[in-house]
Every structure is written in C-alpha cells, then in structure tokens.
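Please open the structure in your viewer, set it to show a cartoon with side chains available on demand, and follow the selections below in order.

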Amino acid sequence: MQMLTDKIALVTGASRGIGYHIAKGLAAEGAHVIALARTVGGLEELDDEIKSAGGSATLVPLDLTDMAGIDRLGGAINERWGRLDVLVANAGLLGVLAPIGHIEAKTFDKTMTVNVNATWRLIRTVDPLLRKSLAGRAIVMSSGAAHSAKAFWSLYAASKAACEAMVRSWANETMNLPLRVNSVNPGATRTAMRAQAMPGEDPKTLPTAREVAAKIVPLAFPNVVETGKLFDVRENRFLDYRDPA
C-alpha cells in the first residue's frame, strides 16, 4: 500500500545524494514529486528513474541563490495544484572547513545564502500551501555539526543551527494545525559533500545515500505526529530539544 498516493511533494537538492533518493522514495510511495536542483542532467536522470518505476515528477532547474525564483515557486505550485503536502528542504553547501578568522566573506555569504536565507525563503513561499494540506509535512535537513560545533566547522555548523532554530519556531507556530515540521540529522553519509569534508575517510564505512533516504521518507507519511523535533537517522528516532543545563 502506497502511503502518499496523490500527494504533492517538493524536494530540493534532488539531483544527487540523499535528495535524489528521497525524491525516488516519495515517488515510489505514490507522491508526485516536484524535484528542484541546479543540475539539469541529474534531474533528468531522476525523472527517468521515477517514470520507469511508474511514478511521476515535475522538474524545476533552479539555483537557490535565485531568491525571486524561490518566491515564484510557491505561486506556480498553487496555480497548478492548489496545495503542497510535503516539503523536503535538503539542498545545502558545506562551505569551507577553516579557522573562523580565515573564512572569506564571499564564502561565508554564499553558504549562508543557500543554507539559511534560501531555506527561509522556501518556507515562506510554501507555508500557505502546506497549511492547505490535510496532512502537511515539512522536513528540513540539518547536521550533527549544528550541535557538536567542532573546530573549523563554524560556518556549516552555524548555518545548520540557524535552520534548526527556524524549524522549531515554525513548528511552534503551527502546532495546532495538521502540519508537522521537523529537522533531520542524516549522520555521516556516503555523499560527495562528505568526501569533500573528510577526504581521508573510507566511504565504504558509511551508509549510502539510498539507505539514509529510506529512513527519512517515512517522515512524510500522514501518520507522523511529532513536530518540532530532530529526527536522528542513525538512531532511527525523534529526539527532543533540551535547554542548556
């Protein structure tokens, strides 16, 4: 039995990695997937795989630094479908791993633009559409870096911590609605971003993007009741936020 039959799902960063496999997984559950990414080739490959499995998708080639483009997206979705059932805000940049005083301003600005500003802009444009759904689900990708704040990870950590704070506030604003809003920590995964961050690591020691995506797709199901929490993929459970001791 498909859990998302006739649902409309938007996935950013859908051309590769975890986003690619989340998009495939949502389509396999019956959702029509709006797949957004910069890379047209990756989107076309995704579309081919979804269609060959009997699913359907709409491709949106868009760079998330294009804020006006994000703004138009909500209107386009509303005009065509009148609602959105699932948002997966997955796209993000690593930026650079460096001492905080050595990060170039342009690198800082671009990373925060894609990871934070674009995520807020995306939430703003689809929030009215998710509220129209009978079981709206928003999933925003985070990272363990948001909490570990390891040396040299300041830029990426700050961007993900900001996203988690936004998601928690959004969840509190919508707590009395059917909409459920959560962050996800996928953990170390065999992706290009991980290889960029940890070039000496053996990728075979890490779970694949497909394996990680399989744990995330159920967060879009109508039976999810949790909101304002952090789903830890490695632990395969929701975690509560706690104030500093």
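Begin by selecting Glu164, which is buried because its relative accessible area is only 3%, under the 20% cut-off. Keep in mind throughout that this is a predicted model. Glu164 lies in helix H6, and if you display what surrounds it, leaving aside its neighbours within four places in sequence, you will find it in contact with Ser142, Ser143, Ala146, His147, Ser183, Leu230 and Tyr241. For a distance to check in the viewer, take the C-alpha atoms of Glu164 and Val116, which are 9.8 Å apart in space and 48 residues apart in sequence.

**Helices H4 and H6**

Next, colour helix H4 (residues 105-131) and helix H6 (residues 154-173), whose axes lie 9 Å apart and whose packing angle is about 15 degrees. Because that angle is under 35 degrees, H4 counts as roughly parallel to H6. Show the side chains at the contact: from H4 they are Thr107, Phe108, Thr111, Met112, Asn115, Val116, Thr119, Trp120, Ile123, Asp127 and Leu130, and from H6 they are Leu155, Tyr156, Ser159, Ala162, Cys163, Met166 and Trp170. Coloured by class, the residues of this contact of H4 with H6 divide into 12 nonpolar, five polar and one charged. If you turn the view to look across the pair, H4 passes H6 in a right-handed crossing.

**Helices H1 and H8**

Now move to helix H1 (residues 17-28) and helix H8 (residues 209-216), which pack at an angle of about 50 degrees with their axes 8 Å apart. That angle makes H1 oblique to H8. The crossing in which H1 passes H8 is right-handed. To see what meets at this contact, select Gly17, Ile18, His21 and Ile22 in H1 together with Ala209, Arg210, Val212, Ala213 and Ile216 in H8. The residues of the contact of H1 with H8 comprise six nonpolar, two polar and one charged.

**Helices H1 and H2**

Keep H1 on display and add helix H2 (residues 40-52). The axes of H1 and H2 come within 10 Å and cross at roughly 25 degrees, and H1 and H2 are therefore roughly parallel to each other. The crossing of H1 and H2 is right-handed. On the H1 side the contact is made by Tyr20, Ala23, Lys24 and Ala27, and on the H2 side by Gly42, Glu45, Leu46, Glu49 and Ile50. By class, the contact of H1 with H2 has five nonpolar, one polar and three charged residues.

**Salt bridges**

Side chains of opposite charge can pair when their charged atoms come close. How many salt bridges does the count come to? The count comes to nine salt bridges, and the stops that follow include some of them.

Stay with H1 and H2 and select Glu49 and Lys24, which form a salt bridge whose closest N and O atoms are 2.5 Å apart. This pair links distant parts of the chain, since Glu49 belongs to H2 and Lys24 to H1, 25 residues apart. Glu49 is partly exposed, with a relative accessible area of 30%, and Lys24, at 23% relative accessibility, also counts as partly exposed.

Within H2 itself, select Lys51 and Asp47, which form a salt bridge with the closest N and O atoms 3.2 Å apart. Both residues lie in helix H2, four residues apart, which is about one turn of the helix. Are the two partners, Lys51 and Asp47, buried or exposed? Lys51 is exposed, with a relative accessible area of 51%, whereas Asp47 is buried, with a relative accessible area of 11%.

Then go to Lys229 and Asp240, which form a salt bridge whose closest N and O atoms are 2.3 Å apart. Here too the pair links distant parts of the chain, with Lys229 in the loop between H8 and strand E7 (230-232) and Asp240 in the segment after strand E8 (237-239), 11 residues apart. Lys229 is partly exposed, with a relative accessible area of 23%, and Asp240 is partly exposed as well, with a relative accessible area of 48%.

For the last stop, select Asp71, Arg121 and Arg124 together, and you will find them linked in a network of salt bridges.

Methods: Residues numbered from 1 in each chain as written. Predicted model: local features only at pLDDT ≥ 70, side-chain atom pairs only at ≥ 80, totals over all residues. Heavy atoms only, no water. Axes fitted to C-alpha atoms, helices over the stretch in contact; angles between N-to-C directions. Helix = DSSP H or I, 4+ residues; strand = E, 2+ residues; numbered from the N terminus. Parallel < 35°, antiparallel > 145°, perpendicular 65-115°, else oblique. Left-handed = near helix turned anticlockwise from the far one by under 90°. Contact = heavy atoms within 4.5 Å. Nonpolar A, V, L, I, M, F, W, Y, C, P; charged D, E, K, R; others polar. Salt bridge = Lys/Arg side-chain N within 4 Å of Asp/Glu carboxyl O. Buried < 20%, exposed > 50% of the residue type's maximum accessible area, 1.4 Å probe, protein only.
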